[in-house]
Amino acid sequence: MARRPRNPDATRADLLAAARTHFATHGYERTTMRAVAADVGVDPALAIRYFGSKEGLFAAAAEFHVPLPDLTSVPPDALAALLLPRFFAVWEQDKTFLALLRAAATNPTAAAKMREVFVTQVAPALSSATRDHGAERAALLGAFVIGLATSRYILATPGIADMSHEDLARWTAPVIRQILAGQPDSGD
């Protein structure tokens with residue numbers, strides 16, 4: 001193994017990048033500290049020194065940001081057109097999201113990270129678009145979006161996985177509008 005120049009910040013960043021790729025490609029269970037370290041050309045002990053464990057590496061690699069705008073004054077009919085491109089960007093351009101999504105069903109750290117992102121980033125933005133029941137509406141849309149992402153990118157469900165962004169937006173816009181701005185059933 002060739003020696004890398006000593007640069008702790010660069011090594012840590014390279015380990016995180018390699019970990020994101022491994023977790024996204026192989027999932028949490030099949031990713032090893034040894035494989036991540038090998039990709040970077042360092043001893044696995046160095047990865048352990050920086051992150052403590054595979055779970056610590058995963059938690060550090062799982063940091064990501066969902067770029068949602070202020071939705072306070074967005075008309076209900078414009079919500080999907082504003083939200084979906086941002087969701088597509090996270091789903092398709094950020095390896096971290098798919099790694100978390102794959103791992104969340106079986107790994108408590110991944111599930112906790114998904115909840116944290118929802119609670120700190122997604123729910124506040126979505127709640128600002130509602131006139132009532134903000135927490136409930138945000139949670140329902142979160143469930144819808146996670147289901148859509150799972151069906152499209154993890155399960156590759158025919159009919160969803162092969163839809164263009166435009167078609168998917170056309171089909172889902174009424175659902176997004178209803179969840180965030182529609183009249184809930186009175187329960188009568």
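Here is a short walk through a few helices and loops of this structure, which is a predicted model.

Let us begin with helix α8, which covers residues 134-154. From its first C-alpha to its last, α8 reaches 29 Å over its 21 residues, close to the 30 Å expected at 1.5 Å a residue. Along this helix, the buried residues are Gly134, Arg137, Ala138, Leu141, Gly142, Val145, Leu148, Ala149, Ser151, Arg152 and Tyr153. What lies over them? The cover for these buried residues of α8 includes α5 (79-93), α6 (95-104), α7 (108-127) and α9 (165-181).

Now look at the loops on either side of α8, where the backbone deserves your attention. Most residues other than glycine have a negative phi. His133, in the loop between α7 and α8, is not a glycine, yet its phi is positive, at about 50 degrees. With a relative accessible area of 47%, His133 is partly exposed, because buried would require under 20% and exposed over 50%. Just after α8 comes Ala156, again with a positive phi of about 50 degrees. Ala156 is not a glycine either, and its place is in the loop between α8 and α9. Its relative accessibility is 46%, so Ala156 also counts as partly exposed.

Two of the helices that help cover α8, namely α5 and α9, also pack against each other. Two packed helices are described by the angle between their axes and the distance between the axes. For α5 and α9, the angle is about 120 degrees and the axes are 9 Å apart. Are they oblique or roughly perpendicular? Roughly perpendicular ends at 115 degrees, so α5 and α9 are oblique to each other. Their crossing is right-handed. On the α5 side, the contact is made by Leu79, Ala80, Leu83, Leu84, Phe88 and Glu92. From α9 come His165, Leu168, Ala169, Thr172, Ala173, Ile176 and Leu180. Sorted by character, the residues of this contact divide into 10 nonpolar, 2 polar and 1 charged.

Finally, let us visit another histidine, His22, which sits in helix α1 (residues 8-30). Is His22 buried or exposed? Its relative accessibility is 11%, so His22 counts as buried. Which residues does His22 touch, once neighbours within four places in sequence are left aside? They are Gly27, Thr31, Ala35, Val36 and Asp39.

Definitions and conventions: Residues are numbered from 1 along each chain as its sequence is written. This is a predicted model: local features need pLDDT of at least 70, side-chain atom pairs count only at pLDDT 80 or more; totals for chains, interfaces and linings use all residues. Side-chain values use heavy atoms; hydrogens and water are left out. Helices (H or I, at least four residues) and strands (E, at least two) are DSSP runs, numbered from the N terminus. The expected span of a helix is 1.5 Å times one less than its number of residues. Buried means under 20% relative accessible area, exposed over 50%, partly exposed in between (1.4 Å probe, protein chains only). Contact means heavy atoms within 4.5 Å. Axes are lines fitted to C-alpha atoms, for helices over the stretch in contact, and angles run from 0 to 180 degrees between N-to-C directions. Angles under 35 degrees count as roughly parallel, over 145 as roughly antiparallel, 65 to 115 as roughly perpendicular and the rest as oblique. A crossing is left-handed if the near helix is turned anticlockwise from the far one by less than a right angle, and right-handed if clockwise. Ala, Val, Leu, Ile, Met, Phe, Trp, Tyr, Cys and Pro count as nonpolar, Asp, Glu, Lys and Arg as charged, and the others, Gly among them, as polar.
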